[in-house]
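User: I am new to this structure and should like to learn how to read its features. Please guide me through them one at a time.

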Amino acid sequence: MEKKILSLLNENYALGLEEQLSLDTPLLELNILDSSTFFDLIEIIQAEFGVTVPLTEIKPDNFASAHAIVRMTNDLLASSAAA
């Protein structure tokens with residue numbers, strides 16, 4: 001999961017950056033994700049992992065870093081498996 005999300009972020013949002021993104025890169029603080037890319041990323045996550053990101057999960061803390069995105073996606077997968 002970590003490798004896949006990090007790969008998606010690097011492929012789609014790290015263009016032009018000198019270094020690859022890491023799990024702890026502050027995506028929002030560095031404006032790697034902004035309001036327009038934010039919803040594109042949600043669509044990518046939903047398509048890649050077969051989860052629905054509910055409105056209640058669309059908050060800055062869940063997209064602050066790749067690690068936060070991994071944690072949110074894992075939680076969503078666990079919730080859908082339990083349902």
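User: What does Ile-58 touch, not counting residues up to four places away in sequence?

Analyst: Contact means heavy atoms within 4.5 Å. By that rule, and not counting residues up to four places away in sequence, Ile-58 touches Phe-38, Phe-39, Ile-42, Val-53 and Phe-63. Ile-58 itself lies in the loop between α2 and α3. Its C-alpha atom and that of Glu-29, 29 residues apart along the chain, are separated by 16 Å. Please note that this is a predicted model, in which local features need pLDDT of at least 70 and side-chain atom pairs count only at pLDDT 80 or more, while totals for chains, interfaces and linings use all residues. Residues are numbered from 1 along each chain as its sequence is written, and side-chain values use heavy atoms, with hydrogens and water left out.

User: How should the helix names be read, and what span should helix α1 have?

Analyst: Helices (H or I, at least four residues) and strands (E, at least two) are DSSP runs, numbered from the N terminus. The expected span of a helix is 1.5 Å times one less than its number of residues. Helix α1 has 12 residues, 2-13, and should therefore span 16 Å; its end C-alpha atoms are 16 Å apart, in agreement with that value.

User: Which residues of α1 are buried, and against what do they pack?

Analyst: A residue is buried under 20% relative accessible area, exposed over 50%, and partly exposed in between (1.4 Å probe, protein chains only). In α1 the buried residues are Ile-5, Leu-6, Leu-8, Leu-9, Asn-10 and Tyr-13. They pack against α2 (35-49) and α3 (66-82). Asn-10 is buried because its relative accessible area is 13%. Leaving aside neighbours within four places in sequence, Asn-10 is in contact with Leu-15, Gln-20 and Leu-21.

User: How is a nonpolar core recognised, and which residues have the most contacts inside the largest one?

Analyst: A nonpolar core is a set of buried Ala, Val, Leu, Ile, Met, Phe, Trp, Tyr and Cys residues joined through side-chain atoms within 4.5 Å. The largest one here has 23 residues, and those with the most contacts inside it are Leu-9, Leu-21, Leu-27, Leu-41, Ile-45, Phe-63 and Ile-69. At least two residues of this core come from each of α1, α2 and α3. Leu-9 touches Ala-14, Leu-21, Leu-27, Leu-41, Ala-66 and Ile-69, not counting residues up to four places away in sequence.

User: How many aromatic pairs are found, and how is such a pair described?

Analyst: A pair of aromatic rings is described by the distance of the centres and the angle of the planes. Rings of Phe, Tyr and Trp (its six-membered ring) pair if their centres lie within 6.5 Å; planes under 30 degrees apart count as stacked, over 60 as edge-to-face and the rest as tilted. A search of the whole structure gives two aromatic pairs. In one of them, Phe-38 and Phe-39 are edge-to-face, with 5.7 Å centre to centre and 80° between the planes. Phe-38 is buried because its relative accessibility is 11%, whereas Phe-39, at 46%, counts as partly exposed. Together with Phe-63, Phe-38 and Phe-39 form one aromatic cluster.

User: Which side chains meet in a salt bridge?

Analyst: Side chains of opposite charge can pair when their charged atoms come close. The rule for a salt bridge is a side-chain nitrogen of Lys or Arg within 4 Å of a carboxyl oxygen of Asp or Glu. The count by this rule is one salt bridge. Lys-4 and Glu-48 meet in it, at 3.3 Å from N to O. Lys-4 lies in helix α1 and Glu-48 in helix α2, so the pair ties together parts that are 44 residues apart in sequence. Lys-4 counts as partly exposed at 38% relative accessibility, and Glu-48 counts as partly exposed at 41%.

User: Is Asn-62 buried or exposed, and what about Asn-31?

Analyst: Asn-62 is found in the loop between α2 and α3 and counts as buried, at 11% relative accessibility. Asn-31, found in the loop between α1 and α2, counts as exposed at 59%. Phi of Asn-31 is near 60°, a positive value in a residue other than glycine.
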